Amino acid sequence: MILQFGYFGLMVMINLILAYFGFTAIDRSFAPEKSKKKKFILILGLIIWQVYIYTITTSGFIQTFEFPPRFALTMIFPAFIFTGVFVYRNRNNDWTTHIPSSWLFFFQSFRILVEVLFVMSVTEGILHKEASIEGYNFDMAYAFTVPIVGYIVFFRKKLSMKVIRIWNYLGLLVLATVIFVFMTTIYLPEIYGATQTLMPIEGLTYPYVLVAGFLMPCAVFVHVLSIAQLNRILKS
């Protein structure tokens, strides 16, 4: 129960942070009468995505490791497509620069909490150790560098903002390796000396599926948004 509450609580926290980021950008970019509509659309979008994840998960549709992976096709790919289309269409809009760059960068620190939940999930048999910091998931190491690099760049002014852009690309690369580890523990367990899937099917139940359906895509979204913002700032 504590572990489930941890995943659910982290989901709520990230939604609140994203809403705050969005509200800040909207308030600084639009007139009051227009901002109310955009805030409503933002909140509605966040709620609809959570309802979608809960509904499709509790229906049992994604609780299978058959190929192609249903959880990826129904949650990860749509989130990635949205990220690409949304950021590309808004890359030149002024509102993208109205969210402080430091906010977008320090946001990635939440991945420390995700990895803590992963370690707890291994203990509970919800996750295989190969997909955690005990195995080949080094996302926690990256997440710990975020506040350090952010402090040096934004507060000490010892490094250029270009470092933040590089660190965003590094963060995306780390996430790609994590996805690779997760997928191979399911479909190529031979890499880890096993003969059958290492991922317990419980990992595709609610709320654990929030990692693949929401938390990881949010990390990707903010990375991409931050890169788009920095590209505008560094060109100006």
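The exercises below concern helix packing, an aromatic pair and one contact in a predicted model.

Residues are numbered from 1 along each chain as its sequence is written, and side-chain values use heavy atoms, with hydrogens and water left out. In this predicted model, local features need pLDDT of at least 70 and side-chain atom pairs count only at pLDDT 80 or more, while totals for chains, interfaces and linings use all residues.

**Exercise 1.** State the mean pLDDT of the chain.

Solution. pLDDT is the predictor's confidence in each residue, from 0 to 100. Its mean over the chain is 94, and 100% of the residues reach 70 or more.

**Exercise 2.** Classify the packing of helix 1 and helix 2.

Solution. Step 1: helices are DSSP runs (H or I, at least four residues), numbered from the N terminus. Helix 1 covers residues 2-29 and helix 2 residues 32-58. Step 2: their axes come within 10 Å and cross at roughly 160°; axes are lines fitted to C-alpha atoms over the stretch in contact, and angles run from 0 to 180 degrees between N-to-C directions. Step 3: helix 1 and helix 2 are therefore roughly antiparallel, the class for angles over 145 degrees, whereas those under 35 are roughly parallel, 65 to 115 roughly perpendicular and the rest oblique. Step 4: the contact (heavy atoms within 4.5 Å) involves residues including M11, N15 and D27 of helix 1 and K38, K39 and Q50 of helix 2. By class, this contact has 8 nonpolar, 4 polar and 3 charged residues. Here Ala, Val, Leu, Ile, Met, Phe, Trp, Tyr, Cys and Pro count as nonpolar, Asp, Glu, Lys and Arg as charged, and the others, Gly among them, as polar.

**Exercise 3.** Repeat the analysis for helix 3 and helix 8.

Solution. Step 1: helix 3 (residues 70-90) and helix 8 (residues 210-235) pack at about 20°, with axes 10 Å apart. Step 2: that makes helix 3 roughly parallel to helix 8. Step 3: the residues of this contact divide into 16 nonpolar, 2 polar and no charged.

**Exercise 4.** Describe the ring pair F82 and F86.

Solution. Step 1: the structure holds 19 aromatic pairs, where rings of Phe, Tyr and Trp (its six-membered ring) pair if their centres lie within 6.5 Å. Step 2: the centres of the F82 and F86 rings are 5.3 Å apart and the planes at 20°, so the pair is stacked. Planes under 30 degrees apart count as stacked, over 60 as edge-to-face and the rest as tilted. Step 3: both residues lie in helix 3, 4 residues apart, about one turn of the helix.

**Exercise 5.** Which residues does R28 contact, leaving aside its neighbours within four places in sequence?

Solution. R28, in helix 1, is in contact with H98 and P100. The C-alpha atoms of R28 and H98 are separated by 6.5 Å, at 70 residues apart along the chain.
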